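Trainee: I should like to learn how the arrangement of chains in a model is read. May we work through an example together?

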There are 4 protein chains.
Amino acid sequence: MPHLTTIKVRGYHLDIYQHVNNARYLEFLEEARWSYLEDSGDVAYFEQLNLAWVIVNININYRFAATNGQTLEIATKFSQIGSKSAVIHQVIKIQGTDTVVADADITFVCLNRKTGKAALIEGALKERLEQHLND
Amino acid sequence: MPHLTTIKVRGYHLDIYQHVNNARYLEFLEEARWSYLEDSGDVAYFEQLNLAWVIVNININYRFAATNGQTLEIATKFSQIGSKSAVIHQVIKIQGTDTVVADADITFVCLNRKTGKAALIEGALKERLEQHLND
Amino acid sequence: MPHLTTIKVRGYHLDIYQHVNNARYLEFLEEARWSYLEDSGDVAYFEQLNLAWVIVNININYRFAATNGQTLEIATKFSQIGSKSAVIHQVIKIQGTDTVVADADITFVCLNRKTGKAALIEGALKERLEQHLND
Amino acid sequence: MPHLTTIKVRGYHLDIYQHVNNARYLEFLEEARWSYLEDSGDVAYFEQLNLAWVIVNININYRFAATNGQTLEIATKFSQIGSKSAVIHQVIKIQGTDTVVADADITFVCLNRKTGKAALIEGALKERLEQHLND
């Protein structure tokens with residue numbers, strides 16, 4: 001089961017087209033990722049290792065225009081763990097329906113905060129992230 | 001020559017990492033697109049035809065973390081015109097340098113506001129957009 | 001008992017000072033007001049009467065700088081009902097403490113959407129809003 | 001002459017009412033303040049003294065609802081210098097008209113970044129800020 005976050009669409013999320021603005025969805029996705037990473041213990045784990053998540057790519061499909069009053073359900077899960085980067089896949093649906101509002105792949109690297117460079121995803125870190133593939 | 005928009009990074013654009021937040025870049029890109037489409041006359045042209053731009057995909061690479069006080073220069077141009085969708089390519093650099101902060105492809109369809117459906121990009125509309133490939 | 005809304009502070013809410021940005025608090029307050037007005041049935045009531053809330057003044061005190069990971073609790077209640085305008089008072093605290101992060105008075109008028117003019121707050125509308133003073 | 005900043009209203013600044021959202025105006029005001037403080041040399045001066053501006057109150061009147069395509073002109077000036085706090089007054093107009101969209105008083109203290117406490121506004125700092133009253 002992927003991790004679920006719900007967000008209710010409000011009037012201030014909309015733009016001139018009366019739909020949720022394209023940039024706002026990225027805040028919704030970020031909210032859902034922090035919620036997931038906090039619940040999984042990864043926020044604490046990363047702080048302990050002095051690592052930070054740094055996004056290198058976002059590829060998002062906008063499929064259905066959500067509007068005021070709708071409740072969005074965001075499913076968040078790791079979909080790919082490489083040696084230098086990993087991918088989180090997120091799907092936003094109208095809650096209680098099969099209507100996909102947007103789906104996105106978020107590719108990030110693990111920044112070593114001491115060196116300022118991307119850390120290799122290997123050893124215990126790799127094992128931990130790979131376990132998430134089965135979440 | 002692609003169309004250029006400049007934006008100065010301010011403290012309120014940053015997030016916990018002291019870099020411009022990933023969602024804020026999408027607002028910067030949107031600002032640059034409207035500036036371009038206004039200057040090119042396309043905003044007026046689309047209104048006349050009762051068409052609206054609807055984004056279906058954004059694929060953005062984050063390459064360098066911009067921070068407070070830097071001036072960003074955003075180059076915006078059409079890169080691809082299909083029969084159902086078109087692509088605008090945007091590159092954000094630190095002004096006066098070759099440092100690429102982010103680059104993105106924005107894929108959109110032309111929504112017919114009367115029917116609520118995507119319009120085919122053909123005839124005069126296609127010609128007009130294709131001319132932009134040489135901007 | 002005033003109506004309560006909780007919001008967890010995330011990294012994207014912060015600015016260069018590593019505190020929640022002054023503008024973002026207004027979104028938090030707006031979130032809490034819609035939640036309150038929805039729960040009280042006022043959103044539906046206003047739609048039925050073709051009225052809209054239009055803010056004419058916000059007076060907000062910033063008392064304590066909230067930061068990442070803190071959970072904010074926003075208390076929302078009507079504090080004053082006049083003949084032309086009404087006031088909603090909101091207090092943001094760190095959840096589970098007496099630390100006031102911000103408090104604000106939001107003054108609004110009831111816009112008649114047909115005429116585009118402010119409606120008098122009288123009769124049934126006044127009675128309904130005045131009942132909220134005891135919420 | 002007060003310092004002037006112009007901002008063009010775009011579709012992503014609007015909300016469900018098709019007007020600029022109340023929170024967004026605070027970003028417009030912040031943009032104008034940084035532009036002013038940068039031009040006046042105060043950003044550099046404050047950094048040198050290890051001081052930071054911390055907002056303690058914003059009192060904003062919303063007088064006219066700005067919408068897409070309008071250019072806003074924001075006038076920014078110091079209006080009051082006390083011993084513990086100072087006030088910046090800002091007025092947003094539709095450019096080229098007398099239509100006031102919003103006006104606001106921003107009260108701030110000067111935070112000593114070493115001690116984390118508000119600094120007294122006295123001596124050279126007071127003189128410098130008081131000169132701005134005549135800008």
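Mentor: Let us begin with a rotation axis, bearing in mind that this is a predicted model. Of the residues of chain B, B:Asn59 comes closest to the axis, its C-alpha lying at 2.1 Å.

Trainee: By what turn and what shift along the axis can chain B be laid on chain A?

Mentor: A turn of 180° with a shift of 0.0 Å along the axis lays chain B on chain A, and the RMSD is 0.0 Å. That is the relation of a two-fold axis.

Trainee: How many residues does each chain bring to this contact?

Mentor: In general, the size of an interface is often given as the accessible area lost when the parts come together. Here I shall count residues instead: chain B provides 15 residues and chain A provides 15 residues. On the side of chain B that touches chain A, helix H1 (22-39) and strand E2 (51-62) of chain B each supply at least two residues. E2(B) gives the most to that side, with nine residues.

Trainee: What classes of residue make up the side of chain B that touches chain A?

Mentor: That side has nine nonpolar, four polar and two charged residues.

Trainee: Why may one say that chains A and B meet through the same surface?

Mentor: One compares the residues that each copy brings to the interface. Of the interface residues of chain B, 100% are also interface residues in chain A, so the copies meet through the same surface.

Trainee: In which sense do the E2 strands of chains A and B pair, parallel or antiparallel?

Mentor: Strand E2 of chain A (residues 51-62) and E2(B) pair in the antiparallel sense, over five bridges. Opposite A:Asn59 stands B:Asn59 in E2(B), and B:Asn59 is also the residue of chain B that comes closest to the rotation axis.

Trainee: What turn lays chain C on chain B?

Mentor: Chain C is laid on chain B by a turn of 180° and a shift of 0.0 Å along the axis, with an RMSD of 0.0 Å. For this pair, C:Asp15 is the residue of chain C that comes closest to the rotation axis, at 2.6 Å (C-alpha).

Trainee: How many residues of chains C and B are in contact?

Mentor: Nine residues of chain C contact nine residues of chain B. The side of chain C that touches chain B has four nonpolar, four polar and one charged residues. Because 100% of the interface residues of chain C are also interface residues in chain B, these copies meet through the same surface.

Notes:
Residues are numbered from 1 along each chain as its sequence is written. Chains are lettered from A and ligands numbered from 1 in the order in which they are written. This is a predicted model: local features need pLDDT of at least 70, side-chain atom pairs count only at pLDDT 80 or more; totals for chains, interfaces and linings use all residues. Copies are superposed by least squares on the C-alpha atoms of residues with pLDDT of at least 70 in both. Two residues are in contact if their C-beta atoms, placed from the backbone, lie within 7 Å. Helices (H or I, at least four residues) and strands (E, at least two) are DSSP runs, numbered from the N terminus. Ala, Val, Leu, Ile, Met, Phe, Trp, Tyr, Cys and Pro count as nonpolar, Asp, Glu, Lys and Arg as charged, and the others, Gly among them, as polar. Two strands pair if DSSP finds at least two bridges between them.
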